[in-house]
2 protein chains.
Amino acid sequence: MARIVMKFGGTSVADLDRIRNAAKRVKAEYDQGHEIAVAVSAMAGETNRLVDFVTNANKLHDAREYDVVVSSGEQVTSGLMALTLQEMGLPARSWLAWQIPIQTDDVHGKARIQAIETENMIERFADRQIAVVAGFQGISPDRRVTTLGRGGSDTSAVALAAALEADRCDIYTDVDGVYTSDPRIVTKARKLDRITYEEMLEMASQGAKVLQTRSVELAMKAGVRLQVLSSFREEPGTLVVDEDEIVEHQIVSGIAYSRDEAKISLSGVSDKPGVAAGIFGPLSEANVNVDMIVQSMAADGQRTDMTFTVGKADFDRAMEVLNGVKDDVGCNDVLSDQNVVKISVIGVGMRSHAGVAQVMFRTLAEKGINIQVISTSEIKISVLVAEEYTELALRALHTAYGLDTD
Amino acid sequence: MARIVMKFGGTSVADLDRIRNAAKRVKAEYDQGHEIAVAVSAMAGETNRLVDFVTNANKLHDAREYDVVVSSGEQVTSGLMALTLQEMGLPARSWLAWQIPIQTDDVHGKARIQAIETENMIERFADRQIAVVAGFQGISPDRRVTTLGRGGSDTSAVALAAALEADRCDIYTDVDGVYTSDPRIVTKARKLDRITYEEMLEMASQGAKVLQTRSVELAMKAGVRLQVLSSFREEPGTLVVDEDEIVEHQIVSGIAYSRDEAKISLSGVSDKPGVAAGIFGPLSEANVNVDMIVQSMAADGQRTDMTFTVGKADFDRAMEVLNGVKDDVGCNDVLSDQNVVKISVIGVGMRSHAGVAQVMFRTLAEKGINIQVISTSEIKISVLVAEEYTELALRALHTAYGLDTD
């Protein structure tokens, strides 16, 4: 007997037929005697419909009211899932965040879970009741509805698994696992049987959309065994596990990409102490997340060029801030380019193998692809290239690192 | 300075434009310095959409989960109304039933309000904040979501007005008041400036759909000054008030009709004590509401015919019950007719004026309309006639009681 959290994403509960299909997966686990908590997203398209309502009602909306409106989608699915399980003869009840409660901070629209009360649910497990939990939502210290940000139902599921000390957290989705690269582009991409938390974290934050980054962080921290699998096909998915659970490592596990980047260059910045702070301080105050940063000396040795990337959503705000501080940092010109893509090669094997970066640079050079910015971490190398090379670069790197299926 | 509850029905908040229009009505009252609580229904069509989900997911649905799903409609509108008011520069916040809380009993699907905590709202009135309350919903003793039955937002508004000791409860709807009869049928119908609680109660329970019956009961009991008015036209509506606030009474105030009736006749029932209990007891146990009842002696003086009406929704269930008890009560035959309409003439003036019934019977006879069943109360006479005469009967009675506009 195990305790399992099963999470179904929007496409897996897009309509009543799919909810029924998901409920069958729940029944299969339940019938084996397991204790089950189900976490559900809103039906596909529903959150967008609700967000549109909010932004059309009030452009500069109050995030507290945004949360009231948008969280209703998961409420509906939780009730429908409970009803569908009951229709199959299984005892089930829905739980809204305020009923459990799932306590969060008060950062509306992207709240963080602080505590989950599980006593009631666990008592009912003993009576063989299935708990159906509305994902994505929480309750703030002053009893307002909060939401956890896009993809937040993954985090709900993992936090629930951690609080319930569940044996497993299964994330059912419309793909059947984590791939070495995006299979829509790289047809030779392979499904991974296992991936480490660290790699998954890099994959998620470098653009692979299969799991919300925060949910992976949380799973790693709490040691929740995560599985990503398809709600439509009955086959094993990808297990996200500790490094020591993986016997044979690939040097590179996957290649991710993100088109959500914009490049900004400040040319001719005075090369003196405090200049970087003069640029990135105001950006940070304006809530602009800066990603890759390179600084290079200008030809005259007196001035420097500063290049970095920001998310496309923050681009306009970033440019506004920079035009304001431009003169203070002695910058000649602010240049920008939104037609860029960040490509990242990820693998824990990099820690112990040299030459991984060299393979990347050589491969891209052979295809005539110019690298604009480079950044690295312990288990990742990212490069910024012109967007038009996305597919070419992904396929070439996938082959170069020996990831292609036969 | 007054304290006002303003309630907007589904058609008044059907889309963002209409919500904006409703918000303007709120602003007009707010700008006069009044304290405002707004109660909102789900956007028109939304509740039906959600009910369809539920009934398609599980025909014999768990009413607790029905309430979770269906109550989400009002949640969405409450957030959108708060956002729209904020957009107009007014401080507003949404309140869900569990946040207030609005305590109900645990009769899911048609719960009754037991208590409303108003301290928090009243504190915020002092800071000039508008409270936007999700109508139709409550919270049961064991912290599950409840709903108050169709039209329940009217009841939410009146109960809120009572708890807040509001000076007025304005019900904004898609008609501009209470009419002497249905204006879609009786083109000479007039809008009433005032109507008594008792009359309104009869009108509502006899088929006029402008207010939920329970909301009128509650308003009468708590002495809430109710106004029914249009959210689209800026003109006074109909005030629902105590009898002593109406100086000049019409004898008859309105003529209502209900097509939601089915007639059932049991012929040749043994005429002995306990027979009525043998029929109506089992119907009551099956939750069938019986309305008009007449009993008449059969020609042989030994047996009796029993005729009564039930709501069309209960008809199949009633027939099933009756076919079960038929033999026990010595009944020959169960006959039924669903093509009937109940027409009711309503007015507190009847108490002191004779001959009101006579006008009704003579008028219908002159038009060749056969009366099948008659029932009366202190301020109402109802007759059951063949459905095809609905329009003819309404118009003739409207004229006969001097209600036509010039």
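**Exercise 1. Two helices across the chains**

Work out how helix 4 of chain A and helix 2 of chain B are arranged: within what distance do their axes come, and at what angle do they cross?

*Solution.* Keep in mind that this is a predicted model.

Step 1: start with the axes. Helix 4 of chain A covers residues 72–87 and helix 2 of chain B covers residues 46–57; their axes come within 9 Å and cross at roughly 20 degrees.

Step 2: put a word to that angle. Angles under 35 degrees count as roughly parallel, so helix 4 of chain A is roughly parallel to helix 2 of chain B.

Step 3: get the handedness. Helix 4 of chain A makes a right-handed crossing with helix 2 of chain B.

Step 4: list who does the touching. From helix 4 of chain A come A:Val76, A:Leu80, A:Leu83, A:Thr84 and A:Glu87, and they meet B:Leu50, B:Phe53, B:Val54 and B:Ala57 of helix 2 of chain B. Sorted by class, that contact has 7 nonpolar, 1 polar and 1 charged residues.

**Exercise 2. Zooming out to the chain contact**

How many residues does each chain give to the contact, and which helix of chain A supplies the largest share of the side that touches chain B?

*Solution.* Step 1: count. Chain A puts in 28 residues, and chain B puts in 28 residues.

Step 2: split chain A's side by element. Helix 1 (16–30), helix 2 (46–57), helix 3 (63–70) and helix 4 of chain A supply at least two residues each.

Step 3: pick the main contributor. Helix 4 of chain A has the largest share, with 11 residues.

Step 4: sort by class. The side of chain A that touches chain B holds 13 nonpolar, 11 polar and 4 charged residues.

**Exercise 3. Domains of chain A**

Where do the domains of chain A lie, and what does domain 1 use to touch domain 2?

*Solution.* Step 1: mark the bounds. The domain assignment puts domain 1 of chain A at 3–244 and domain 2 at 249–401.

Step 2: place the centres. Over C-alpha atoms, they are 32 Å apart.

Step 3: look at the contact. Here 17 residues of domain 1 of chain A meet 18 residues of domain 2 of chain A. On the domain 1 side, strand 10 (194–196) and helix 7 (197–205) of chain A are the elements giving two or more residues, and helix 7 of chain A has the largest share, 4 residues.

Step 4: sort that side by class. It has 7 nonpolar, 5 polar and 5 charged residues.

**Exercise 4. An open sheet in chain A**

In what order do the 4 strands of the open sheet in chain A run, and which strands stand at its edges?

*Solution.* Step 1: the order is 15-16-14-17, with antiparallel pairing.

Step 2: find the edges. Strand 15 (290–297) and strand 17 (333–337) of chain A each have a single partner strand, so one side of each has no neighbour in the sheet.

Step 3: check the turn. Ignoring direction, neighbouring strands are turned by 15 degrees against each other on average.

Step 4: inspect one pair. Strand 14 (residues 261–270) and strand 16 (residues 303–311) of chain A run antiparallel and are joined by 8 bridges; A:Ser270 sits opposite A:Arg303 of strand 16.

Step 5: add the helix. Helix 9 (residues 275–285) of chain A packs on the sheet and touches strand 14, strand 15 and strand 16 of chain A, its direction making about 145 degrees with that of strand 14.

How values were computed. Residues are numbered from 1 along each chain as its sequence is written. Chains are lettered from A and ligands numbered from 1 in the order in which they are written. This is a predicted model: local features need pLDDT of at least 70, side-chain atom pairs count only at pLDDT 80 or more; totals for chains, interfaces and linings use all residues. Domain bounds come from an automatic or database domain assignment. Two residues are in contact if their C-beta atoms, placed from the backbone, lie within 7 Å. Ala, Val, Leu, Ile, Met, Phe, Trp, Tyr, Cys and Pro count as nonpolar, Asp, Glu, Lys and Arg as charged, and the others, Gly among them, as polar. Axes are lines fitted to C-alpha atoms, for helices over the stretch in contact, and angles run from 0 to 180 degrees between N-to-C directions. Angles under 35 degrees count as roughly parallel, over 145 as roughly antiparallel, 65 to 115 as roughly perpendicular and the rest as oblique. A crossing is left-handed if the near helix is turned anticlockwise from the far one by less than a right angle, and right-handed if clockwise. Two strands pair if DSSP finds at least two bridges between them.
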